[in-house]
Structure formats: structure tokens, C-alpha cells
Amino acid sequence: MSFEKTPGWLDWYAGPSKPRFQVPAGAVDAHCHVFGPGDQFPFAPERKYTPCDASKDQLFALRDHLGFDKNVIVQATCHGADNRALVDALQASGGRAKGVATVKRSISDAELQELHAAGVRGVRFNFVKRLVDFTPKDELLEIAHRIAPLGWHVVIYFEAVDLPELWDFFTSLPTTVVVDHMGRPDVSKPVDGPEFELFVKFMREHENVWSKVSCPERLSITGPAALDGEQNAYQDVIPFARRIVETFPDRVLWGTDWPHPNLKNHMPDDGLLVDFIPHVATTPELQRKLLVDNPTRLYWGD
């Protein structure tokens, strides 16, 4: 089956630099995706974008190039609740990948068990309205209660301005809750301003809440700008991510977000994204927690 890419879609960067920062042994890229290939795993009819192909083999090649040992592959919205591309990648990984699926209320217990056997350890709830149609909260809560006995967690994707209205729902979830990309803060606002303080309060008051300090390329206004003669990319995001890493060192994750869905302005160099890490996790101990200990405990702990 042939799919025509959404106009304006940027293909992922095919020549990533070799990172200067060497990640610790056992490091996990805890947020990445596979797209199709569309002729093998068709994109969902209800999708709001059509991406470029980004296969499991290309993902695993990037993993090795960047120096990571494992991946956590998150179901892409363009595939809807058809998790076949995700499961195929997990099964091909030799145990070096776990997954986060998208499921509907209609999924059977047997199908959940099949996903678990393939390596799925969570489900994703997306609240970014421009990406997906709204799923009723009672349906999402029912799904959360069904996956809790499996030891799975819920990944939530939302934007910072929506946290107040979503707070009660998020705090009612019966699982570990992992927030994508720090809840997409507005980094033009102060790191100690009321909007980001609310997110810090959310994590402080609820010890089951984790955060990914990923996707500076989505949050930055300054972009991949040079600083002091070297590529210190996305420097306006650093104070926000560093605050979360230092305040909640045992509940943070990091990932490339390859192949960077639906970016409009620039496509990041994944090598530079890795070089972002030591600016937000500034000690070997914090780096090991962020990249090895935390994702291993959450995804391979069983």
C-alpha cells in the first residue's frame, strides 16, 4: 500500500553526528517510535498525519550509533490502536526493546496478555487535541484499571496549559504515571513561574508520577544554537529539564523521540540531542539514574 506523506513533513535526519557524550553502559533510549513501513504496516485511516517510513532496522542502527543498549518504543498516533508495527519491532529486538501501546476499551484480556508477552509495559493516553480525537476519560480510566494488574503504567501526553483541568483525572489513575516531555512547558516563561511550579507540585505531591526530560527540539525557542564555540543545543530548555532531574532523580527518563513526529521547523541531529544530556544530568550518578537505573527498573524490572 502506498501512502503520500503529509505536506511539510520533515524526514528524519539520516546522518546523525557521533555524540561527544558517551552514555553509560546499559543506557536506554526510553522514548522513540517506528513508522510502518507503510506497505507492511499500514497507517491508521483516522490518522491526522502521514509520516515518512521509519523502520525498526533504522531505529536499531541509530541505537547502536548513539551508543545505547536498549529502546522503549512508544506507539505512534499515526498507527492508532493497531500495534502490529510496535510488536514486530519488539519481537525483532532480542529482548533489547520494550513498548508502550495504544489500546481501546474493546481489547480482550487475551490480547493484553499477547502484548505483555511481546514486551509491552504501558499504554499511552494522548491529550494533545491537534494530534488525536478526544477519548472519554471513563474509557481511559477503565483501561488503566485493566492494565494495573499486569504491572503496566500509563504514559500521558499533554500541554502545560491543560494540566489544571486534567489534574483530577491524572491523580485518579491507579498506576505509575509517566509524563511525556515535562508536560510541554512554555520555556519562554520563568522556570520558577506559576505554570512550571504547578508541574513540579504535581510530581512532588504524587510519588507515582515520573517525567521524561526529552524533546528539547519541540520546546526550544532558541533552537540548536551554538554557545561558547560548541554546539550546546536548546539551551533555553536546560533549566527546566535540569530542575526535574535534580529534584526527582529516581523518577526521570530520557529519549530521542526518533524519528521526531510532525516537526515543522527543523529536524534535529540525534547526536546533538545526546550531547544535551550532560547539561541536564550533570553528574555521573544522575546520568546513570536517568539513562540506566530508572528505565531498567520501570521496563525490565519484572
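This briefing covers the overall build, the salt bridges, three buried sites and the unusual backbone geometry of one protein chain. The model is predicted. The chain holds 10 helices and 10 strands. Its radius of gyration is 18 Å, which agrees with the value near 19 Å for a compact globule of 302 residues.

**Overall build**

- Along the principal axes, the C-alpha atoms fill a box of roughly 55 × 45 × 35 Å.
- Of the 302 residues, 57% count as buried.
- Contacts with a separation of 6 or more are mostly long in sequence: 76% of them join residues 24 or more positions apart.
- The chain exposes about 12,500 Å². Carbon and sulfur atoms supply 50% of that area.
- There are 32 positive and 42 negative charges. The mean positions of the two sets are 1 Å apart.

**Salt bridges**

- The whole structure contains 19 salt bridges.
- R63 and D64 pair through their side chains, with N to O at 2.9 Å. R63 counts as buried because its relative accessibility is 7%, under the 20% cut-off. D64, at 43%, counts as partly exposed.
- D250 and K289 form another bridge, at 2.6 Å from N to O. This pair links distant parts of the chain, 39 residues apart. D250 sits in the loop between α8 (238-247) and β10 (252-253), while K289 belongs to helix α10 (residues 284-299). D250 is partly exposed at 38%. K289 is buried at 18%.
- Shared partners join R63, D64, D69, K70 and R96 into one salt-bridge network.
- E205 bridges to K201, and their closest N and O atoms are 4.0 Å apart. Both residues lie in helix α6 (residues 194-205), and because they are 4 residues apart, about one helical turn separates them. An α-helix has 3.6 residues a turn, so residues three or four places apart point the same way. E205 is partly exposed, with a relative accessible area of 46%. K201 is also partly exposed, at 39%.

**Helix α2 and its cover**

- The buried residues of α2 are A85, L86, V87, A89 and L90.
- Their cover includes two helices, α1 (56-66) and α3 (109-118). It also includes the strands β2, β3 (97-101) and β4 (120-126).
- G94 follows α2 and has a positive phi, near 65°.

**A76, ahead of α2**

- A76 lies in the loop between β2 (70-74) and α2 (84-92).
- A76 counts as buried, at 2% relative accessibility.
- Beyond its neighbours within four places in sequence, A76 is in contact with H33, V34, F35 and Y49.
- A76 and C32 are 44 residues apart along the chain, yet their C-alpha atoms are separated by 9.0 Å.

**The loop between β10 and α9**

- T256 is placed in the loop between β10 and α9 (270-280). T256 is buried, with a relative accessible area of 1%.
- Leaving out residues up to four places away in sequence, T256 touches D29, H31, C32, L66, E217, D270 and L273.
- T256 and V274 lie 18 residues apart along the chain, with their C-alpha atoms separated by 7.7 Å.
- D257 lies in the loop between β10 and α9. D257 is buried, at 2% relative accessibility.
- H260 has its place in the loop between β10 and α9. H260 is buried, at 0%.
- P259 lies in the loop between β10 and α9 as well.

**Unusual backbone geometry**

- Most residues other than glycine have a negative phi, and most peptide bonds are trans.
- D257 departs from this with a positive phi, near 70°.
- H260 likewise has a positive phi, near 60°.
- The peptide bond from W258 to P259 is cis, with omega near 0°.
- A cis peptide bond also joins G36 and P37, where omega is about 0°. P37 sits in the loop between β1 (28-32) and α1.

Conventions:
Residues are numbered from 1 along each chain as its sequence is written. This is a predicted model: local features need pLDDT of at least 70, side-chain atom pairs count only at pLDDT 80 or more; totals for chains, interfaces and linings use all residues. Side-chain values use heavy atoms; hydrogens and water are left out. The radius of gyration is taken over C-alpha atoms; the globule rule is 2.2 Å times the number of residues to the power 0.38. Buried means under 20% relative accessible area, exposed over 50%, partly exposed in between (1.4 Å probe, protein chains only). Contact means heavy atoms within 4.5 Å. Accessible areas come from the Shrake-Rupley method with a 1.4 Å probe; for residues, only the protein chains shown count as cover. Lys and Arg count as positive and Asp and Glu as negative; His and the chain ends are not counted. The place of a charge is taken as NZ of Lys, CZ of Arg, CG of Asp or CD of Glu.
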